[in-house]
Every structure is written in structure tokens, then in C-alpha cells.
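Here is a friendly tour of the model you are about to open. Keep the 3D view at hand while you read.

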Amino acid sequence: MPILEMQKGDVWYGGVHALDTVDVRIEAHAITAIMGPNGAGKSTVLKGLFGLIPMRSGDIFFEGKKIIPIPHEMARRGMSCVPQGRRVFRSLTVEENISLGALHVSPLERHSRIDALYDIFPALKHKRKDQAGTLSGGQQQMLAICRGLISQPRVLLLDEPTLGLTPKFVSEIFACIQDIRLKFETTIVIVEHNLKTLFSIADYAYVLEKGRVYAQGKPDELLHTSVLQKVFLAIHE
Amino acid sequence: MDYLIHLAILFSIYAMLGITLNVLVGYTGLLSVSHASFFGIGAYGTALLMVDAHWNFFPALMLASIVGGMIAYMIGCVLSRFRDDYYALGSLGLNVIIFSFFLNLQTITRGPLGIPGIVRPNIGSFHFSENSMFLALVLCALALLWMFFHHVTRSSFGMVLRAIREDEDAIQVFGYRTHFFKLAIFVLSAMGASIAGAFFASYISYIDPFSFTVNESVFLLALIILGGLASHTGSVLGALIFVLLPEALRFVGFPQEYAAQMRQLVYGVLLIILVLYRPRGIAGTYTF
């Protein structure tokens, strides 16, 4: 049984049909990749799963139970979302930013969790008292992920975590994501453009095009088909 | 000396208003143009309880503050669903409505005639009738308000307020129901303004609706922008300048017939200079 599932998700942005009866199953403890060209509806799938946008029709299931996704309810169920564009609170310190991710955690427990997270993100440890706005893009992304992890979520949704980062930071972020899965056994759903690196860590992938699931399968299988060329390079026979 | 004490009392009352407004506008980023209405609710509540019901100042202050908080809660339930321009417009409307109540609810507020004969506080047989004693009392209240709101803004609650100011959508992703936080700080801010109103009524001994107009709310906004947003020190400095500046301008020697207009002009120029060259105000954390 999947931990999280979208069935026939249908989303409209005004007159634009962003998701058209999309089915997505997220297996527990796995890394699921959601890919596709710009405007394919990748981020919309994440937003729909977390309740950040209303679906016109379709259902969301959490641990097999049908739910109406509302962000604060999803957070309480053990889901965490790292939105696109990092969205750190620039005037707050690194530690304050991380603390904000832990709504229902006692201060003592929060401190011990922050220390544990600094083992995965050592670059942040030295900047714990610095304002988030002074960090580099890569460090801000690490902070955004760290903030998403402090609540020890069972499901972590990552929306384009390497967007705009240099190759060095891309590798670091992907290494951290793998580390998170190993250490915390977190289920991870990741929307990403960086196919090569993403395929090296993902267990399952969905390829979206024009708001529909164009293909799905294990990364190895997808790599040996022409699906990716068709979708990303628009090469059609 | 009495003149300086008088200025110090006014400064303390405006510093209270500045601190309580700054937690809303500066720390939380909610542009409220209704602070004068809660200032008025505190003043009217205290005045009515003291003059008509012969209550002691302190319980009257407490009840007026609670009433201010309750009214803020009722209005805030709607207002906290808004943000940015809509919040400002909603709060502006609130100030207009409450001013209309002060002006037209003549059976209670006596309308434009106002309420005279508001007495000074007393504890048993000890009366704060001397201005110096009243100053000591109002300074204590200012210190308490400062400490309380300092604690609020430094707490994890205050951290969420600052996050709301920066990116309300982002903080909601972590499960925070931001309208509760916005409502809570609106109520606390209103209660603080009501306390300032109680001291104002008792000090001036006469209140009428025209002390609590939208203009007064805009004046308070200017005060905290000048002093600095998200800074208690800034609120106090803003109050100091706005209370002392008109007095200083008395000695500039503007012709009598133009003096009032010239003072307004100086305020305006000062604000323009500040916006251009020091957008964070004197001690602010954020630009307006």
C-alpha cells in the first residue's frame, strides 16, 4: 500500500488545465522523482498532494485513507514540503529558520534535532547565528531542506531543490538527500530537472507532459526507452 | 519644570502607542490604520467607568483594556484573513466606524461634547494628582508594556510574526495557521493601545471623538516609521521626536498666522527626507 497517493488529480489555473486526471503513487521509504519539461505540472502535483492548491476533482489518500489535504493537517500527519525558490526567512537567523519548521516540538527536543541535522549540513552549523539572507544560494537551499526535516517528517516533498545552483552544490544537495533517506528512512518525493543526478538516487519516476502522466517506471527502465527524448527534447516520430 | 513633566507624560503615552502599534506594523507587517480607535476605546471606557460609574482608575483601565481586546478580537476574526492593502483598507474602515460611534452614540459618549471631569488615579487615599507622580505612574506602565512586548517579540511567537511579515505563504507550509497569530497580535496591540488611552483620558481629564480620528492613526504610523519599524527603541525615539518637535518649532519664530501650517510642512519634509535617505527610520529593522 502506498503511503501517499493521488487519484485522478485534476487542477485548473483559471483557463489552463494544469493537471489532467493524474495518478501518482508514493511508496514508503522510497525516493520518487517527478519530472517533465517546464509547464508539465510537476510542481502542481506536489502542491496538490500537500493541499497548497485545490483540486477540481480527484482524491488524495494518505496510508490508504482518503483525506482532504490542508497544509496544517498534512504537517500534522507527518508531511513536510520544501517549496520552490527556497523561501527562507531572510531576516531571521539560520537557527530561527530551522526552528520554525518544528511547530509541535518542545524546545529541548528541537535543539537536539537541530544538532543532529547539523551533522548532515555542517556548513550551516558555522552560520547558525547568521541571518539567512546572508547565505549563498546553495546554503539557503540546505537551510530550506533542513527546515523541512526538523519535524522529522515521514514524507518530504522537495520542489526543485537544485534550481539555480552550481554543479558543486547540486552534488552536495543530492548527497544530503541520500543521507536523509538512509538516516531517517524518510519517504521523499522530488521534483527536479537534473535528470542524470536524480536518476542515480530515485527508486521510481513519473514523467509528466502537458499535465498528464506520459510515462512511469524505474529510472533504469526509463533510461532505456525514448520517453525522455520525446518529452524533454520534443523529438516525436 | 511642570512644562517638561507635561511633555514627558505625553511622550510616555505616545511611546506606549508606538510600541503597541509597532508589534503589528513593524514585526508582523500588518499595515494597521486603526490604532487610534483602540486608543479611543481605552480612553472612553476608562472615562465612562470613572465619571459615570465612579470606578477607581485601575479597575477601569483593566476593564477598558479587556473591552478593547474583545472588540479587537471580534473585528480581527475577519481582518486577520486579509493581508497587505486589503488589511490596511479594512483597518481604515474600522477606525472610521469607531470614530462614528464616538461621535454619534450621544447617549453614551455625549458625542462632540465629549466627557469632562475625568479624575486622576488613586490608590486608597494616595492620589496621583501631582504631574510628577502621574509621570512616575505612566513611566511604570511604559516600562511594563515595553518589557511585555519585548518578551513577546523575542519569543517563538514573535519569531512566527516576523516570518509572517516576510512570507506568509511560506510559513503556512509548516502548518502554522497564520490568521491565529495575526489575530492574537492584533488583540494584544489593541489592549496596549487601550491602556495608553486610559492614561491619556485620566491625564487630559477631558476627551472628545476628535482625538481618535484616522488622522491620529496616520500620525502614529508616521511616528513608528520615523522611529524605525520592528524596534521598540525606534517607537520610543519616534514618540520623543513627534512630541518634542512641535515644541521646538515654537521657538523657530514662524509668523503666528502660519505657525501651524509651517509645522505640518516641517513634518512632511522630515518624512520625505527620511524615506529618501533613511528608509529604515532611526532605529528600524525593516524598510517601510
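The notes below go through the sheets, the helices that pack on them, the salt bridges and a few surface points.

Please bear in mind that this is a predicted model. Chain A offers an open sheet of six strands with mixed pairing, along with an open sheet of four strands whose pairing is antiparallel. Over all chains, the structure holds 15 salt bridges, and one of them crosses from Arg162(B) to Glu96(A).

**The six-stranded sheet of chain A**

- Reading across this sheet, you meet the strands in the order E6-E7-E8-E3-E9-E10.
- The edges belong to strand E6 (79-82) and strand E10 (212-217) of chain A; each has a single partner strand, so one side of each is left without a neighbour in the sheet.
- On average, neighbouring strands here are turned by 15° against each other, direction ignored.
- For a parallel pair, look at strand E7 (residues 155-159) and strand E8 (residues 187-191) of chain A, which are paired over five bridges.
- Within that pair, Leu157(A) stands opposite Val189(A) in E8(A).
- Helix H6 (residues 137-149) of chain A packs on the sheet and touches E6 and E7 of chain A. The direction of helix H6 makes about 165° with that of E6(A).

**The four-stranded sheet of chain A**

- The strand order in this sheet is E2-E1-E4-E5, with antiparallel pairing.
- Here E2 and strand E5 (65-67) of chain A stand at the edges; since each has a single partner strand, one side of each is left without a neighbour in the sheet.
- From one strand to the next, the twist averages 30°.
- Strand E1 (residues 4-13) and strand E2 (residues 16-26) of chain A run antiparallel and are joined by seven bridges.
- Trp12(A) stands opposite His17(A) in E2(A).
- E1(A) and E2(A) form a hairpin with two residues between them. In the turn, Gly14(A) has a positive phi of about 60°.
- E1(A) also runs antiparallel to strand E4 (residues 57-62) of chain A, with five bridges joining them. There, Glu5(A) has Phe61(A) in E4(A) as its bridge partner.

**A helix that meets both sheets**

- Helix H1 (residues 42-50) of chain A lies across strand E3 (31-35), E6, E7, E8 and strand E9 (204-209) of chain A. Its direction is at about 150° to E7(A).
- H1(A) also lies across E1, E2 and E4 of chain A, running at about 115° to E1(A).

**Salt bridges**

- Which residue of chain A forms a salt bridge with Arg162(B)? The partner is Glu96(A), and the closest N and O atoms are 3.1 Å apart.
- This pair crosses between chains, from helix H7 (residues 156-166) of chain B to helix H3 (residues 94-100) of chain A. Arg162(B) has a relative accessible area of 15%, so it counts as buried.
- Lys182(B) forms a salt bridge with Glu168(B), with 3.1 Å between the closest N and O atoms.
- That pair links distant parts of the chain: Lys182(B) is in helix H9 (residues 178-204) of chain B and Glu168(B) is in helix H8 (residues 168-172) of chain B, 14 residues apart.
- Are Lys182(B) and Glu168(B) buried or exposed? Lys182(B) counts as buried because its relative accessibility is 1%, and Glu168(B) is buried as well, with a relative accessible area of 9%.
- A network of salt bridges links Arg83(B), Glu168(B), Asp169(B) and Lys182(B).
- Back in chain A, Arg25(A) forms a salt bridge with Glu27(A), where the closest N and O atoms are 3.8 Å apart.
- Arg25(A) is partly exposed at 41% relative accessibility, and Glu27(A) is partly exposed at 35%.

**Surface points**

- In chain B, a nonpolar surface patch of about 670 Å² is made by Leu265(B), Val269(B), Ile272(B), Ile273(B), Leu276(B) and Tyr277(B).
- Leu276(B), one of the residues in this patch, lies in helix H12 (residues 259-277) of chain B. Leu276(B) is exposed because its relative accessible area is 58%, over the 50% cut-off.
- In chain A, Asp119(A) belongs to helix H4 (residues 107-120) and is exposed, with a relative accessible area of 55%.
- The C-alpha atoms of Asp119(A) and Pro37(A) are separated by 34 Å, and the two residues are 82 residues apart along the chain.

Notes. Residues are numbered from 1 along each chain as its sequence is written. Chains are lettered from A and ligands numbered from 1 in the order in which they are written. This is a predicted model: local features need pLDDT of at least 70, side-chain atom pairs count only at pLDDT 80 or more; totals for chains, interfaces and linings use all residues. Side-chain values use heavy atoms; hydrogens and water are left out. Patches are made of residues with over 30% relative accessible area and no salt bridge: like charges are joined within 9 Å, nonpolar side chains (Val, Leu, Ile, Met, Phe, Trp, Tyr) within 5 Å. Accessible areas come from the Shrake-Rupley method with a 1.4 Å probe; for residues, only the protein chains shown count as cover. A salt bridge is a side-chain nitrogen of Lys or Arg within 4 Å of a carboxyl oxygen of Asp or Glu. Buried means under 20% relative accessible area, exposed over 50%, partly exposed in between (1.4 Å probe, protein chains only). Two strands pair if DSSP finds at least two bridges between them. Axes are lines fitted to C-alpha atoms, for helices over the stretch in contact, and angles run from 0 to 180 degrees between N-to-C directions. Contact means heavy atoms within 4.5 Å.
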